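Open the model in your viewer and show it as a cartoon, with each chain in its own colour. The tour goes from a pair of helices to the wider interface, then to two backbone details.

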Amino acid sequence: MSTSSNDVESIGNEIEDAEDVPLTGRIAARPRPATVWLVGVLLLVAVEFGALLGLIFELLLTIAGLLPGDPAAGLLAGAASVAAEIPTLLSRETIPNGGYFDGGAWVNTFLGLEPMYAWALRVVLVYAYTFVWLAWLWRGYQWFRTHYRQVDWTPRDDMVGRLQGHRWGQFGLIVVVGFLVFALFAPAVSPVTAQDNIYNPYGNQFQYYSETTDSVAQTSAGVANLQSTSKGIPGQNVGPLSYDDFGRFHPFGTLTTGKDLFTYMAYGARISLLIGLSTMLGAGGIALVLAMVTAYYKGLADLATVLASDSVQSLPFLLMAILATVIFRGTWLDSTYGGAPLLIVVFTFFYWPFLWRAVRGPAFQIAEQEWIDAAKSYGQKPSVIMRKHMIPYVVSYMLIYASLSLGGVIIAVAALSFLGLGISPPTPEWGRIIAAGQPYVASPSWHISLIPGIMITLVVTGFNAFGDGIRDAIDPQSGGSEDGAAAAAAGGGGG
Amino acid sequence: MSRWRYFLKRVLLMVPVTITGMTIVFVVIRLGPIDPAAAIVGMNNPEGIARIREQLGLTQPLWQQYIEFMVDLLTFDLGQSWVIARGTPAYDLILIYAPRTIWLGVWSVLIAVVVGIPLGFYAGLNPNTGGDYFASFGGIVWRAMPNFWLAIILVAVLSQSQELLGFSWESWIVETDIVTPPDLAFFTEPMGLLTNTSAWTNELIAALKAVAPAALVLGSASMGNEMRIGRTAVLETINSNYVETARAKGVPERAIVWKHVFRNALIPLVPIITGEAFLLIGGSVVVEVVFAINGLGYLFYTAIQNADLPLVGSITFIFILVLVATNILQDFLYTLIDPRIGYE
């Protein structure tokens, strides 16, 4: 597993150290790898510190906006603008792509590059940054294993080892990470900001090179958008990887409204991710608590939960979601962030039975183990037994089904928005552009519907592959017990 | 516990499940922020609202409304439509719209089963070959595609079929539109098959062609699932001890595959096939809207869009019944084919 000198050292350490030296003590005994790793982390955080603070304040602002009276809004907004002033490596200020052509050369773009290359450079750097992070975390885990962990082997090592040989799971991991980065770094990877291009296009002036007058002119993004629409006619189409008449680069082309599709999708990924993760946290939490209670107490508690979950599952999920979005139209659940809170509540309500069903079996198996009996007779409280002796075994199963169901949630959100329900404009959402591009699928403006659809398929496949990978890593013998997983994956309810 | 007692217990459980499910619907419709009466006549008409409230029984105390709601539905007194077809009994509306959905559903199950299971079995019998990889990967991607997206792509491809595929879908075999409800009138006169054979079969083919693309889309997720489960099930049984034994005894390979492998591999496919009911009912809205098949999903969608909440409640009740019945069917099939049931 590791080199022999390391082994000798670590065995020596083990003998030297008492049984229970806390991690801080072990680090103090050999500070070098930990220090190097920590310095690396600090460096990685430092280059993106402004963006990190901005993200935190934006999140706090959204939460504060949900509370009545909007407390501390001014304070938070002020803090957010201060955070925006901190220079960050991967921002459009450091590597700008929004310049103009003055007849001879590009002005205001990064190093005078064409906007296309400036933008591509930024995207490549964003992804490189992420993968450096991943590599550094992996390195940290390895150092922890060789230098600080007291035992030579844990069952987790085998899981990690199996995942290392699992190409399909790794493909899933890469797609999932790619999607997370796309959503988290939306302001950095999109060629224009959502504020300037989608929410408030008329409040933003920019310069461009006008061919007719052969000089640099000024216009607002709103006016420019109206002349960069994609409407399926050769003259009225800005396809993928092309410039519009105003020197703006569109990696995925433009929408029927002339807005930038790539920007729209990056911000749309944020809302899909928010709803998907919140739903899985909510439904997973409910399912985990219920699985513990039913496995520990059995009997009536189990029967009541079976009844409740079967009742929820007897309702047609997508239809009830449609009903709920109409019934709660106009309430605060629906008017905040395009209606995301409402969808989270509805999806949580419909997804916990799937997740509970999935972990009920493993939870019952664990509850039968001798060490649970031992803990009981030792006089440990039920809550402690559940937390310390049962949850750790069940939680990895939960991860499998959460990953498989997340794809279903993403599809369901898109399907609702496709029908004109779900997320309301102007908040970007993938399903709504697919609907907008529907008349143009077989025309030069095919990109409007096709690209978001392919992206959804890719992301859902990625989450499924990732779930498969974790399942095979946790339990290599479980190849056959796929039926539950398939049901969960199809839980999107036919969106 | 014997197998049939286990089955009986499952069936009995379905009674409280149905009632709880309907209670949830009642809570959403009657206690939600929308007043069904105001939704029907509009906010600016106070007398109208009062009159409709009276007619809908919304002036009664809540427990009485609840009992009435449950008793009405459970005795199949489904009320009437208030907005989209004012005064028409919901029962009649459902009878008009349901056949198209059933027609669509039957074909989507058939297409998925006929394509998905053989492909899965083929992949399982030839693991890790090019054909296996192609089928497995295709199944995974096929399953991940959103129905609504697949539907609009298919509509676009078919409407350009002359240029893209080299033949015109609309005039292929019989003349049909691409997005159109199937005309099921021929079912009302089955004797036409004998008296007027060619016209009758033409109508049958036209009705089939009208729903075929929609059925393909609706069955897509299940097709992928059936393929994957079929593959793993075959792989698992083919490596099991009893197959080894049969092989050692000298049972011919053909008999092993058909008698020992396929029959056992079908067991894990049962919940996938019955589970299609969920996908069909959920997906019916999206697919029927895109393909303009005015079936139950479309009726439900229109009823909701027009705030015809009493009708929505009745249709949901029908859907719950279908899903509960499918669950019972699944338990029944399990009890019948899998002797391990009830011994967990």
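An axis here is a line fitted to the C-alpha atoms of a helix over the stretch in contact, and angles run from 0 to 180 degrees between N-to-C directions. Keep in mind that this is a predicted model.

**Stop 1: a helix pair across the interface**

Select α14(A), residues 317-327, and α14(B), residues 270-291. How do two packed helices get described? By the angle between their axes and the distance between the axes. The axes of α14(A) and α14(B) come within 6 Å and cross at roughly 55°. The two helices are therefore oblique to each other.

Now show side chains. On α14(A), pick L318(A), L319(A) and I322(A). On α14(B), pick I281(B), G282(B), V285(B) and V286(B). These residues make the contact between the two helices. Sorted by class, they give 6 nonpolar, 1 polar and no charged residues.

**Stop 2: the whole interface**

Widen the selection to everything in contact between the chains: 54 residues from chain A and 56 residues from chain B. About 4,600 Å² is buried between chain A and chain B, and carbon and sulfur atoms give 76% of that area.

How many salt bridges link chain A and chain B? The count is 2. To see a salt bridge, select R10(B) and D310(A), whose side chains meet at 3.9 Å, N to O. Residue pairs in polar contact between the chains number 3, with both residues at pLDDT 80 or more.

Next, hide chain B and look at the side of chain A that touches it. The helices that each supply at least two residues to this side are α13, α14, α18, α19, α20 and α21 of chain A. Which of them gives the largest share? That is α20(A), with 11 residues. By class, this side of chain A has 32 nonpolar, 16 polar and 6 charged residues.

**Stop 3: two backbone details in chain A**

Most residues other than glycine have a negative phi, and most peptide bonds are trans. Go to K298(A), in the loop between α12 and α13 of chain A. Phi of K298(A) is positive, near 50°.

Finish at P426(A), in the loop between α18 and α19 of chain A. The peptide bond from P425(A) to P426(A) is cis, with omega near 10°.

Technical notes:
Residues numbered from 1 in each chain as written. Chains lettered and ligands numbered in written order. Predicted model: local features only at pLDDT ≥ 70, side-chain atom pairs only at ≥ 80, totals over all residues. Heavy atoms only, no water. Contact = heavy atoms within 4.5 Å. Buried area = accessible area lost by both parts, 1.4 Å probe. Salt bridge = Lys/Arg side-chain N within 4 Å of Asp/Glu carboxyl O. Polar contact = N/O pair within 3.5 Å; in protein donor to acceptor, adjacent residues only side chain to side chain. Helix = DSSP H or I, 4+ residues; strand = E, 2+ residues; numbered from the N terminus. Nonpolar A, V, L, I, M, F, W, Y, C, P; charged D, E, K, R; others polar. Parallel < 35°, antiparallel > 145°, perpendicular 65-115°, else oblique.
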